[in-house]
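Reader: I would like to learn how one helix and the pockets of a protein can be described from a model. Could you take me through it step by step?

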Amino acid sequence: MNRPLPDVQYNFRPGIIELKAGYPDVTLLPAEGLSQAAQVVLEREAFQALLYGAQQGPGCLITQVKQWMEPRENYAVPPEQMLITGGTSQALDMLCQMLTQPGDIVLVQTPTYNLALRLLREYHLDLIPVQSDEEGIIIEELVERLRELEQQGRQPRFLYLVPTFSNPGTLTVPLERRKAVVELAQRYTLRIIEDDAYCDLWYESPPPSSMYSLDPDGVVIHLRSFSKILAPGLRLGWMLASSELIQQCAMRGVFVSGGGANHFTAHVVAAFMELGLLDQHVDTLRARYRERRDILEQALSTDLAETCQWSSPQGGFFLWLQLPESVKSDALVSIAKLEGVSFLPGTLCFVNGGGENFCRLTFTMAPPDELKEGVRRLQKALYHYRKHVSSHHR
Ligand SMILES: Cc1ncc(COP(=O)(O)O)c(C=O)c1O
């Protein structure tokens, strides 16, 4: 039988409440606003938008992003330090191509975004984890790793971290620790790749300014994405880095031959921002996702507070749930599937083991009723898991 070819990446399964993928609520995708913006572009600037675009990205989007960022970051973003990208994954992939050789060392804050790990592994890098506490990457650990490597005469190519409403945990590195990490990086001439996919999605108060703003034109490469604040299908984001690195990127064959990343989409998003729709949209996302976060936490407090622990996510998409010590979340996945709920097992977010009794729950995708039911199903799955394990130990 011929099955229809899929249009979207995630395999939604009937009967399963999906708490696994880092997806937005599909009802919040801004189709109407994007349609309005696309119309403006096609009526007003069709030829600019439909030609090969400037390699660094179109001036109209660079200008809009600059205006969007500046009040939040408290510094003037020089346009020559910005490149429009095809999203964070594309930017990270490009940086791996440009900055690494197989066997090179890359430091990674753990736990971390599981698919960044997957991408880094494709470049056959020697990934060295640096552990986090509730305030992010542990400075003493980072110093120790850097000293060990220096003694061995090995220079890490970069440090990858997600400092704001991190994925999978939702910790945010406070300003003092941001400064300490940047100072260390300067001392050891270590590049930092700061993946800041969630910084605009804060639910209590805005996060500290980026690590990039602490050393513009220096050691930090700052990656941003429209995936979480607009729509992942746009494949659009931006990168801030030293003017020298931005120039090197813009002169890569892929941009010289093909023009800037996703040029037409970049025009549409610029028009969306110019119409003032991004501010409105992000305000709506914050309100809705805050509500979902509260509903998930309420459900966890009712059904799982005696066995599980978590800290309240202050932003982003996820809640990082600590299961009882004896529970292996890799094994819990299949029992949860039978109960009709999915989650991301914690081990996928670590480099060399760890996170066995953690799972990542997405609170932005499922509607409120499903979130509550999902937690009930998780509770049942845990009950069956423990019954199963204890019957094996008898
Ligand atoms: C931390 C982090 N970085 C990057 C991405 C992907 O970004 P993009 O869609 O721009 O490639 C995600 C998506 O889940 C993420 O959580």
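Author: What follows is a short exchange about one helix and two pockets. This is a predicted model, in which local features need pLDDT of at least 70 and side-chain atom pairs count only at pLDDT 80 or more, while totals for chains, interfaces and linings use all residues. Residues are numbered from 1 along each chain as its sequence is written, and side-chain values use heavy atoms, with hydrogens and water left out.

Reader: What span should helix α7 have at 1.5 Å a residue?

Author: Helices are DSSP runs of H or I with at least four residues, strands are runs of E with at least two, and both are numbered from the N terminus. The expected span of a helix is 1.5 Å times one less than its number of residues. Helix α7 has 13 residues, 175–187, and its end C-alpha atoms lie 18 Å apart, which agrees with the expected span of 18 Å.

Reader: Which residues of α7 are buried, and how are they arranged around the axis?

Author: Buried means under 20% relative accessible area, exposed over 50%, and partly exposed in between, with a 1.4 Å probe and protein chains only. The buried residues of α7 are Arg-177, Arg-178, Val-181, Val-182, Leu-184 and Ala-185. Seen down the axis of α7, these buried residues fall within an arc of 160 degrees (the arc of the directions from the helix axis to the C-beta atoms), so they line one face of the helix.

Reader: Which residues are exposed on the other side of α7?

Author: The buried side of α7 is covered by elements that include β4 (126–133), α6 (139–151) and β7 (191–195), where contact means heavy atoms within 4.5 Å. On the other side of α7, the exposed residues are Glu-176 and Arg-187.

Reader: Which element supplies the largest share of the lining of the largest pocket?

Author: On a 1 Å grid over the protein atoms alone, a pocket is an open set of points where a 1.4 Å probe fits, with protein on both sides within 12 Å along at least five of seven lines, and lining residues have an atom within 4 Å of a point. The largest pocket holds about 1,300 Å³ of space, and a volume is the space filled by probe spheres set on the points, which are joined across faces, edges and corners. Of its 47 lining residues, the closest to the centre are Gln-9, Gly-22, Tyr-23, Tyr-113 and Leu-115. The largest share of the lining, 5 residues, comes from α5.

Reader: What is the volume of the second largest pocket, and which element gives the most to its lining?

Author: The second largest pocket has a volume of about 440 Å³. Of the 18 residues that line it, Glu-134, Gly-169, Leu-171, Ser-311 and Trp-320 are the closest to its centre. With 3 residues, the element that gives the most to this lining is β4.
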